[in-house]
Amino acid sequence: MRLDKFISQQLEVSRAIAGREIRARKITINGEIVRDTAYKVMPEDDIAYDGNPLVVQQGPRYFMLNKPQGYVCSTDDPDHPTILYFIEEPSAYKLHAAGRLDIDTTGLVLLTDDGQWSHRITSPRHHLEKTYLVEVEAPLDPALVETFAAGIQLHNEKTLTRPARLEILDEKAARLTIGEGRYHQVKRMFAAMGNHVVALHRESIGSIVLDEALEEGEYRELTPEEVDSIGLPDELKQHK
């Protein structure tokens, strides 16, 4: 990456202003002043602006967040606080949620700046399973286990939902695993059965499970194994 582009991103200023700061001798790289805006920044470079260290990002980033209620999963919203409030990372604004949750839904959110990786999570073609804890208003009929497994006709939808696994935990609580991501799907599935979801919490996406050590609003980096668990699409595997 060119130095002026790197400084522009780090300081969140235009490329022209970044170039001006570089030419003003405010940038040091490995202890030496650099005025060449086209200098190629390397991961091992020690870069500082006015004596303040800047972090050179090395490759894409992957995090899990335990999302509280009251926050939206967009990067910018004029009416509600966003999940980026919790992320204390350089250039956090470049991260996006790989699979959003509603403002009142809690639990696992994955954030990344790797567009291909997040596409493998959100693409309807990949049918990546997601598991939720669900609390409902009315008692659950045990017959719903078979109904959810057979597929449910949602309002204004042409096709049944894909087979889903429903585990009834107690009278008004269940664990639901779905392999698709239609709009407000979990809430609409229960609504189609005449019930109302009062609380919804996502536990897992694929084999990535929300870390029990994370309190609401806390996050951590994904392990390499967690990142790799979101496999390549079949069409890309054939070219590997």
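A residue counts as buried when its relative accessible area is under 20%. The model shown in these figures is predicted.

**Figure 1. Overall view of the protein chain, with 7 helices and 13 strands.** Of the 240 residues of the protein chain, 43% are buried. The C-alpha trace spans about 70 × 45 × 35 Å along its principal axes. The radius of gyration of the protein chain is 22 Å, whereas a compact globule of 240 residues would have a value near 18 Å. Taking contacts between residues at least 6 apart in sequence, 60% join residues at least 24 apart.

**Figure 2. The largest pocket, with a volume of about 600 Å³.** The lining of this pocket comprises 31 residues, of which Arg-100, Leu-101, Gly-181, Arg-182 and His-184 are the closest to the centre. Two or more lining residues come from each of helix H3 (115-122), strand E8 (130-136), helix H5 (185-192) and strand E11 (197-205). Among these elements, H5 gives the most to the lining, with 3 residues. Sorted by class, the lining of the largest pocket holds 13 nonpolar, 10 polar and 8 charged residues.

**Figure 3. Strand E8 and its pairing with E10 and E11.** Strand E8 also contributes to the lining of the largest pocket shown in Figure 2. Within E8, 5 of the 7 residues are buried, so the strand is largely enclosed by the rest of the structure. E8 pairs with strand E10 (residues 173-178) in the antiparallel sense, over 6 bridges. In this pairing Glu-135 is placed opposite Ala-173 of E10. E8 also pairs with E11, again in the antiparallel sense, over 7 bridges. Here Lys-130 has Ile-205 of E11 as its bridge partner.

**Figure 4. The hairpin formed by E9 and E10.** Two strands, E9 (residues 165-170) and E10, pair in the antiparallel sense over 5 bridges. The hairpin has 2 residues between its strands. Leu-166 stands across from Leu-176 in E10. E10 is also the strand that pairs with E8 over 6 bridges, as in Figure 3.

**Figure 5. The open sheet of 4 strands, in the order E2-E1-E3-E4.** The pairing in this sheet is antiparallel. Strand E2 (32-33) and strand E4 (52-54) stand at the edges with a single partner strand each, so one side of each has no neighbour in the sheet. Strands of a sheet pair through backbone hydrogen bonds, in either a parallel or an antiparallel sense. Strand E1 (residues 27-29) is joined by 3 bridges to strand E3 (residues 47-49), and the two run antiparallel. Ile-27 has Tyr-49 of E3 as its bridge partner.

**Figure 6. Surroundings of Leu-65 in strand E5 (residues 62-67).** The relative accessible area of Leu-65 is 0%, so the residue falls in the buried class. Leaving out residues up to four places away in sequence, Leu-65 touches Ile-83, Phe-86, Gly-107, Leu-108, Val-109, Leu-111, Leu-210, Gly-217, Glu-218 and Tyr-219. One of these contacts, Ile-83, is 18 residues from Leu-65 in sequence. The C-alpha atoms of Leu-65 and Ile-83 are 8.4 Å apart.

**Figure 7. Asp-50, a residue other than glycine with a positive phi.** Asp-50 is located in the loop between E3 and E4, two strands of the open sheet of Figure 5. The phi angle of Asp-50 is near 50 degrees. Asp-50 has a relative accessible area of 49%, so the residue is classed as partly exposed.

**Figure 8. Asn-156, a residue other than glycine with a positive phi.** Asn-156 belongs to the loop between helix H4 (144-150) and E9. E9 is one strand of the hairpin shown in Figure 4. The phi angle of Asn-156 is near 65 degrees. With a relative accessible area of 69%, Asn-156 is exposed.

Key
Residues are numbered from 1 along each chain as its sequence is written. This is a predicted model: local features need pLDDT of at least 70, side-chain atom pairs count only at pLDDT 80 or more; totals for chains, interfaces and linings use all residues. Side-chain values use heavy atoms; hydrogens and water are left out. On a 1 Å grid over the protein atoms alone, a cavity is a set of points where a 1.4 Å probe fits but cannot get out, and a pocket is an open set with protein on both sides within 12 Å along at least five of seven lines; lining residues have an atom within 4 Å of a point. Grid points are joined across faces, edges and corners, and a volume is the space filled by probe spheres set on the points. Ala, Val, Leu, Ile, Met, Phe, Trp, Tyr, Cys and Pro count as nonpolar, Asp, Glu, Lys and Arg as charged, and the others, Gly among them, as polar. Buried means under 20% relative accessible area, exposed over 50%, partly exposed in between (1.4 Å probe, protein chains only). Two strands pair if DSSP finds at least two bridges between them. The radius of gyration is taken over C-alpha atoms; the globule rule is 2.2 Å times the number of residues to the power 0.38. Contact means heavy atoms within 4.5 Å.
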